[in-house]
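Thanks for sharing this one. Here are my notes, with the charged pairs taken up before the nonpolar cores.

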Amino acid sequence: KEGRKKIFDYFRKLYTAINDTKNGSSLLTPFIDGLCMGSAASFAVNCPATACGPKADLCWPETAFGFHPHAGAMHILNTLPRNIGVFMALTGSRLTGHSIVEAGLGNFSFTEELIQSMQIALDERKYRGFDEGYKVLRMMDGYSKGPFELLPHLDVIERCFGKP
């Protein structure tokens with residue numbers, strides 16, 4: 001019973017944090033530039049603004065052993081265009097770099113140098129609220145573009161994972 005209580009407490013805290021982040025008045029921006037999976041990936045895609053670097057790697061590996069993506073990720077994945085989210089949720093496939101933004105799971109794609117500059121700019125200035133922080137992100141957006149790794153497979157994904 002104690003183990004079950006710990007599990008419930010963990011998920012209650014996780015869902016509360018995601019709700020507060022998504023509906024709060026401040027801007028929390030995860031900068032993904034490495035492996036981001038499971039609950040961390042669910043948290044990142046639920047934030048109002050998510051920035052990805054060239055080494056970003058996003059996935060839900062729990063699907064490989066029968067679990068489904070949780071912490072609000074199922075809603076986000078289910079709303080992605082061309083059944084990309086259903087494909088990721090059922091296969092545990094990964095997206096990297098700029099492809100995360102192209103798939104609709106991130107908002108901004110930056111080079112490593114730009115991520116460091118942006119973190120400094122956001123930390124040094126006293127921005128007030130979501131709108132001011134988002135302006136900085138938009139101002140620096142578009143500096144890192146790359147190929148969309150799922151592009152050659154979109155027709156197959158749509159056919160196999162779409163509704164009949």
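1. Arg82 is a good place to begin: in this predicted model, Arg82 is partly exposed, with a relative accessible area of 34%. Its salt-bridge partner is Asp155, with 2.8 Å between the closest N and O atoms. Asp155 is exposed, at a relative accessible area of 53%. Because Arg82 sits in the loop between α3 and α4 while Asp155 belongs to helix α8, the pair ties together parts that are 73 residues apart in sequence.

2. Please also look at Arg94 and Asp57, whose side chains meet in a salt bridge at 2.9 Å, N to O. This pair, too, links distant parts of the chain: Arg94 comes from the loop between α4 and β5 (95-96), Asp57 from strand β4 (residues 57-59), and 37 residues separate them. Is each partner buried or exposed, or something in between? Arg94 is partly exposed, with a relative accessible area of 43%. Asp57 has 16% relative accessibility and counts as buried, because the cut-off for buried is under 20%.

3. Next comes a pair within one helix. Arg12 and Asp9 form a salt bridge through their side chains (3.1 Å, N to O). Both residues lie in helix α1 (residues 2-23), three residues apart, which is about one turn of the helix. Asp9 is partly exposed, its relative accessible area being 24%. Lys5 joins in as well: Lys5, Asp9 and Arg12 are linked in a network of salt bridges.

4. For the overall tally, how many salt bridges does the structure hold? There are six, and the pairs Arg82 with Asp155, Arg94 with Asp57 and Arg12 with Asp9 are among them. As general background, side chains of opposite charge can pair when their charged atoms come close.

5. Now to the nonpolar side. The largest nonpolar core has 26 residues, and those with the most contacts inside it are Leu58, Trp60, Leu77, Ile84, Met88, Leu105 and Leu150. Two or more residues each come from α2 (39-46), α3 (73-78), α4 (84-91), α5 (98-103) and α8 (154-161). Helix α4 gives the largest share, four residues.

6. Finally, do not overlook the second core. This one is separate and has nine residues, including Ala51, Phe110, Leu122 and Leu137. In soluble globular proteins, nonpolar side chains tend to be buried together.

Terms used: Residues numbered from 1 in each chain as written. Predicted model: local features only at pLDDT ≥ 70, side-chain atom pairs only at ≥ 80, totals over all residues. Heavy atoms only, no water. Core = buried A, V, L, I, M, F, W, Y, C linked by side-chain atoms within 4.5 Å. Buried < 20%, exposed > 50% of the residue type's maximum accessible area, 1.4 Å probe, protein only. Salt bridge = Lys/Arg side-chain N within 4 Å of Asp/Glu carboxyl O.
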